[in-house]
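The following exercises concern a single protein model. Please study the sequence and the structure before reading each solution.

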Amino acid sequence: MAKQKTDPSSKVLSTNRKAFYDYMIEEKLEAGIVLVGTEVKALREGRLNLKESYAAIINGKAILHNCHIGTYSHGNQMNHEPLRARTLLLHKKEIERLAEKVQQKGLTLVPLRLYFNDRGRVKLEIALGRGKKNYDRRETIKKREAGREIDRAMKESRS
């Protein structure tokens with residue numbers, strides 16, 4: 001009998017909602033992340049902000065920048081630095097493929113969400129995203145508003 005995976009959305013620590021507004025997401029990828037012990041404890045407390053973070057490939061390594069993980073409340077002088085660069089764990093071929101796409105096609109590596117998987121490991125969902133222009137953003141807003149109006153009309157017609 002096959003073991004079913006649990007839905008990781010129940011253990012989501014943080015989501016970068018602005019990424020979906022600013023970028024057209026083309027491809028998603030799951031990566032591990034190298035953390036210090038106090039960082040994991042701070043994540044369990046919910047001290048995380050992905051808003052301004054981004055990933056880059058430097059010297060053959062995928063690195064996450066500007067991800068703010070607050071200090072652990074019960075930590076001592078050995079507490080971690082909140083904005084340090086963190087290494088992402090990906091296979092070498094994945095890193096090479098991502099580096100090639102980022103250089104040639106003008107794509108960006110954007111972190112989407114950070115979560116605990118079913119084994120209790122911290123995972124980061126990153127995506128290849130292409131920056132949206134202003135008219136693309138306005139179009140997205142129009143579609144969302146139209147969908148809301150349709151939902152309202154359907155709800156009123158049922159009553």
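**Exercise 1. The cavity**

How many cavities of 30 Å³ or more does the structure hold? Identify the residues that line the largest cavity, and classify them.

*Solution.* The model is predicted.

Step 1. The structure holds one cavity of 30 Å³ or more. The space in the largest cavity is about 30 Å³.

Step 2. Its lining consists of Glu 27, Lys 28, Leu 29, Leu 98, Leu 109, Ile 126, Ala 127 and Leu 128.

Step 3. Sorted by class, this lining has six nonpolar residues, two charged residues and no polar ones.

Step 4. Strands β2 and β9 each supply at least two residues of the lining.

**Exercise 2. The nonpolar core**

Determine which members of the largest nonpolar core touch the most other members, and which elements contribute to this core.

*Solution.* Step 1. The largest nonpolar core has 25 residues, and those that touch the most other members are Leu 88, Leu 90, Leu 98, Leu 114, Leu 124 and Ile 126.

Step 2. At least two residues of this core come from each of β2 (23-33), α2 (37-45), β5 (61-65), α3 (92-105), β8 (108-116) and β9 (122-131). The largest share, four residues, is supplied by β9.

Step 3. Consider Leu 98 with its neighbours within four places in sequence left aside: Leu 98 is in contact with Leu 29, Ile 57, Leu 90, Leu 109, Ile 126 and Leu 128.

Step 4. As a general background, nonpolar side chains tend to be buried together in soluble globular proteins.

**Exercise 3. The partners of β2**

Describe how β2 is joined to β9 and to β7.

*Solution.* Step 1. β2 and β9 run antiparallel and are joined by nine bridges. Within this pairing, Glu 30 has Glu 125 of β9 as its bridge partner.

Step 2. β2 also runs antiparallel to β7 (residues 86-89), with two bridges between them. Here Ile 33 is the residue whose bridge partner in β7 is Leu 88.

**Exercise 4. The setting of β5**

Why is β5 described as largely enclosed by the rest of the structure? Identify the strands joined to β5.

*Solution.* Step 1. Four of the five residues of β5 are buried, so this strand is largely enclosed by the rest of the structure.

Step 2. Strand β4 (residues 54-58) runs antiparallel to β5 and is joined to it by five bridges. Tyr 54 stands opposite His 65 in β5.

Step 3. The hairpin of β4 and β5 has two residues between the strands, and Asn 59 takes a positive phi near 55° there.

Step 4. Two bridges join β5 to β7, and these strands run antiparallel. The bridge partner of Leu 64 in β7 is Arg 86.

Technical notes:
Residues are numbered from 1 along each chain as its sequence is written. This is a predicted model: local features need pLDDT of at least 70, side-chain atom pairs count only at pLDDT 80 or more; totals for chains, interfaces and linings use all residues. Side-chain values use heavy atoms; hydrogens and water are left out. A nonpolar core is a set of buried Ala, Val, Leu, Ile, Met, Phe, Trp, Tyr and Cys residues joined through side-chain atoms within 4.5 Å. Buried means under 20% relative accessible area, exposed over 50%, partly exposed in between (1.4 Å probe, protein chains only). Contact means heavy atoms within 4.5 Å. On a 1 Å grid over the protein atoms alone, a cavity is a set of points where a 1.4 Å probe fits but cannot get out, and a pocket is an open set with protein on both sides within 12 Å along at least five of seven lines; lining residues have an atom within 4 Å of a point. Grid points are joined across faces, edges and corners, and a volume is the space filled by probe spheres set on the points. Ala, Val, Leu, Ile, Met, Phe, Trp, Tyr, Cys and Pro count as nonpolar, Asp, Glu, Lys and Arg as charged, and the others, Gly among them, as polar. Two strands pair if DSSP finds at least two bridges between them.
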